[in-house]
Amino acid sequence: MSRIYGVHRFAPYFDPLPVLSSSNGPLVYNEDRSVVLAADAHIDNGAALTRELLGQGHRILSPASVDVIVHLYEEYGADCVKRLRGDFAFVLWDSKKRILLLARDRLGIKPLYYSLQDGFVVFASSLGQIFSCPGVKKELCRNILPLYFSFMALPAPYTFFKGVRKMAPATILQFDADGRTSETEYWNLLKDAPREDCRRECDCVDGLIGALDGAVHAQSGTGRAAGSFLSGGTDSSLITALAAKHNGSLSTFTTGFSGDERSHEFPFARKVAGLLATQHHESTISMADLTEGSLRRLLALQEEPTLRPGCISYYHLSGAARQAGADYVFVGEGGDELFGYPLWKKLLSLKPGLDAFSRCPSFLQRPVMEFFHKKDPAGMAYETLRRSRAQQSLFWGSFNLFYPGDIGALLAGTHGARDGDVQPYEVIRPLVQDFERSAYRDDYSAFLTHVDLRVKMPETFLRWFDRMSGAHGLNVRFPYLDHVFVEYVLGRCTGFNQKKGPVKYLLKKAAERLVPRECIYRKKQGWGMGVTASYFSLFKDFSGVRKTIDGFNQRYGYFNGEYIDRLFLGTAAPRQRAKIWQLYIFVLWLEGWMDL
């Protein structure tokens with residue numbers, strides 16, 4: 001796993017090469033060394049592109065897949081990214097044209113940050129590398145707090161720090177010699193996935209399996225030890241079954257919490273592993289892994305306060321996989337975002353009524369709004385009606401935790417609230433415009449996928465895997481997020497899938513051909529369930545968490561104390577617990593990252 005970092009100065013008299021670095025492997029040059037590349041990438045179609053470029057007369061000296069990027073750039077310029085299949089973040093310097101190019105893959109699997117500093121651009125795969133550059137200050141930007149508490153993460157281009165930005169997925173950023181900057185979105189799911197709705201279930205399932213098998217095959221590496229994270233649920237089991245087909249000796253890994261067998265998915269994972277004859281490994285997480293000190297260490301790796309209980313599982317799974325000799329692992333992330341969360345079914349069923357409510361005269365809307373506001377001004381019912389009345393999108397993402405009423409109360413009268421705060425709907429508005437201009441504008445489920453893939457996925461699951469697996473030197477493959485497969489699902493399957501019965505209908509029908517039914521049609525648990533329950537059991541009445549949050553707030557005054565009091569009165573409710581967890585993680589992160 002490579003990391004990239006460097007500094008480039010915009011000046012006509014400056015040396016023709018920026019300071020580019022790659023922490024794992026040399027920089028890549030073209031034949032006359034006029035183009036240089038630093039990349040953190042895995043190019044799935046690298047072999048096919050190499051054959052094509054060799055036929056065009058290029059000399060490619062290394063079999064490494066990232067080498068093709070330099071030569072593709074020579075042929076296609078910045079459009080070279082459109083030919084790439086895989087995950088990548090790269091920085092390329094063209095000394096003849098004096099162009100610096102930054103690019104990030106379509107789904108945001110690889111991270112890339114940058115900062116403009118008095119004629120210099122600093123860029124890196126991690127925030128720590130950005131701040132290691134002299135002159136880059138670590139100054140918290142409080143205006144983004146409403147954004148963070150709404151989405152439990154910061155969507156690109158925002159970061160927690162003034163003057164530091166993150167590249168958005170599917171984006172090219174170009175700097176000219178005189179410092180001029182241009183930013184281009186080179187891929188958009190709703191624009192680039194041709195719509196060809198599938199009409200017959202058997203055709204949908206056949207095509208889905210074929211497309212997913214193609215993604216797994218493209219991501220399989222020859223001569224390298226492969227593994228798969230296997231929970232025994234639909235998503236991971238289907239990926240594991242296809243990975244076993246393309247990787248001769250596949251290892252599988254699962255984890256659970258010691259002392260809480262109810263949360264274990266071991267029996268289901270064992271069943272799938274036995275059926276596929278994989279080399280199966282089980283590990284457990286103990287109370288010793290759930291101390292405040294261990295969370296602080298993981299937050300140091302994570303770099304942003306997006307840690308959730310599942311991250312602890314990913315960290316231990318990654319360590320177990322690397323210890324067992326795996327070079328890379330397949331994971332099932334992305335299945336929910338493509339085929340639906342339970343929340344989606346409920347939202348799709350309510351949408352016609354809410355659309356009708358949005359068209360009602362205000363004198364009819366007002367008493368309904370007042371009733372739900374009185375009942376709970378920060379509750380889901382009132383917030384959904386508020387969005388409908390304001391002609392806003394009903395859906396802001398599957399991880400939308402604190403609503404505007406919550407955020408206003410949380411930050412009211414504190415140092416946390418600021419004029420010019422970035423409002424959450426400013427992130428959603430452009431995605432609504434994408435949807436309304438697309439061929440999918442009559443299929444709201446396509447919008448749900450678009451939002452979760454652009455807002456939630458890059459800054460939660462993908463960040464977690466990048467940081468937790470990277471700590472152990474393990475590479476991760478995401479077949480569900482292969483852009484060819486993503487386009488196929490949206491264009492052919494999404495509409496049909498949402499019309500049918502249970503959540504993820506088509507994916508489950510596909511899995512039936514390869515996975516035991518009892519693993520498919522069971523209640524979803526997720527890697528973090530046992531960790532969540534066990535972590536909060538440490539505190540019984542949440543006194544330990546409360547002490548940490550209150551101590552921080554007394555010193556720095558970020559939050560409204562009355563709101564915190566009300567929050568801790570509702571610790572039995574899952575949503576309240578999730579809010580407490582997010583506040584707690586933010587406090588731990590801020591204490592560790594900032595010089596307060």
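I started with the aromatic rings and counted 37 aromatic pairs in the structure. Note to self: this is a predicted model.

**Aromatic pairs**

A pair of rings gets described by the distance of the centres and the angle of the planes, so I wrote down both. I looked up Tyr148 and Phe149, which form an edge-to-face pair at 4.9 Å centre to centre, with 65 degrees between the planes. Buried or exposed, I asked of Tyr148? Tyr148 counts as buried, because its relative accessibility is 0%. Phe149 also has 0% relative accessibility and therefore counts as buried.

Next I pulled up Trp344 and Phe395, another edge-to-face pair, with 6.2 Å between centres and 85 degrees between planes. Trp344 sits in helix H12 (residues 342–358), while Phe395 is in the loop between helix H14 (380–389) and helix H15 (404–411), so this pair ties together parts that are 51 residues apart in sequence. Trp344 is buried at a relative accessible area of 0%, and Phe395 is buried at 2%.

**Charges over rings**

I checked for Arg and Lys over ring faces and noted two cases. Arg477 lies over the face of Tyr328, 5.1 Å from the ring centre. Lys579 lies over the face of Phe402, at 5.7 Å from the ring centre.

**Nonpolar cores**

How many residues does the largest nonpolar core have? I got 171, and the residues with the most contacts inside this core are Phe90, Phe149, Phe447, Phe485, Phe559 and Phe586. Helix H25 (residues 574–593) gives the most to this core, with 11 residues. There is also a second, separate core of 13 residues, with Leu112, Tyr114, Val121 and Phe175 among them.

I went back to Phe149 and listed its contacts, leaving out neighbours within four places in sequence: Leu401, Phe402, Ile407, Leu410, Phe559, Leu583 and Phe586. Phe402, the ring under Lys579, is on that list.

**Asp452**

I then looked at Asp452, which lies in helix H17 (residues 444–456). Its relative accessible area is 0%, so I logged Asp452 as buried. What does Asp452 touch, not counting residues up to four places away in sequence? I found Glu337, Tyr341, Trp344, Phe395, Gly397, Ser398, Met457 and Pro458. Both members of the Trp344 and Phe395 ring pair are in that set. I also took the C-alpha separation of Asp452 and Phe399, which is 8.6 Å for residues 53 apart along the chain.

**Ser393**

Ser393 belongs to the loop between H14 and H15. With a relative accessible area of 8%, Ser393 falls under the 20% cut-off and is therefore buried. Its side chain makes a polar contact of 3.2 Å with the side chain of Tyr444. Outside a window of four places in sequence, Ser393 touches Arg387, Tyr425, Ile428, Val432, Tyr444 and Phe447. I recognised Phe447 from the largest core.

**Helix H10**

Does the length of H10 come out long, short or as expected? At 1.5 Å a residue, the 15 residues of H10 (309–323) should span 21 Å, and the end C-alpha atoms are 22 Å apart, which agrees. I went through its residues for burial and noted Pro309, Gly310, Cys311, Ile312, Ser313, Tyr314, Leu317, Ser318, Gly319 and Ala321 as buried. Just after H10, Gly325 takes a positive phi of about 100 degrees.

**Backbone oddments**

Which residues does a cis peptide bond join? I found Ala156 and Pro157, with omega about 10 degrees. Pro157 is in the loop between helix H4 (145–151) and strand S9 (164–166).

I noted positive phi in residues other than glycine too. Arg33 has a phi near 65 degrees and is found in the loop between strand S3 (28–29) and strand S4 (35–43). Arg98 has a positive phi of about 55 degrees, in the loop between strand S5 (86–94) and strand S6 (99–104).

**Glu74**

Last entry: Glu74, in helix H2 (residues 67–76). Its relative accessibility is 34%, so Glu74 counts as partly exposed. Not counting residues up to four places away in sequence, Glu74 touches Asn30, Glu31 and His58. The side chains of Glu74 and Asn30 are joined by a polar contact of 3.0 Å. The C-alpha atoms of Glu74 and Asn30 are separated by 8.3 Å, with their places 44 residues apart along the chain.

Notes:
Residues numbered from 1 in each chain as written. Predicted model: local features only at pLDDT ≥ 70, side-chain atom pairs only at ≥ 80, totals over all residues. Heavy atoms only, no water. Helix = DSSP H or I, 4+ residues; strand = E, 2+ residues; numbered from the N terminus. Expected span 1.5 Å × (residues − 1). Buried < 20%, exposed > 50% of the residue type's maximum accessible area, 1.4 Å probe, protein only. Core = buried A, V, L, I, M, F, W, Y, C linked by side-chain atoms within 4.5 Å. Contact = heavy atoms within 4.5 Å. Phe/Tyr/Trp six-rings, centres within 6.5 Å; stacked < 30°, edge-to-face > 60°. Lys NZ or Arg CZ within 6 Å of the ring centre and 35° of its normal. Polar contact = N/O pair within 3.5 Å; in protein donor to acceptor, adjacent residues only side chain to side chain.
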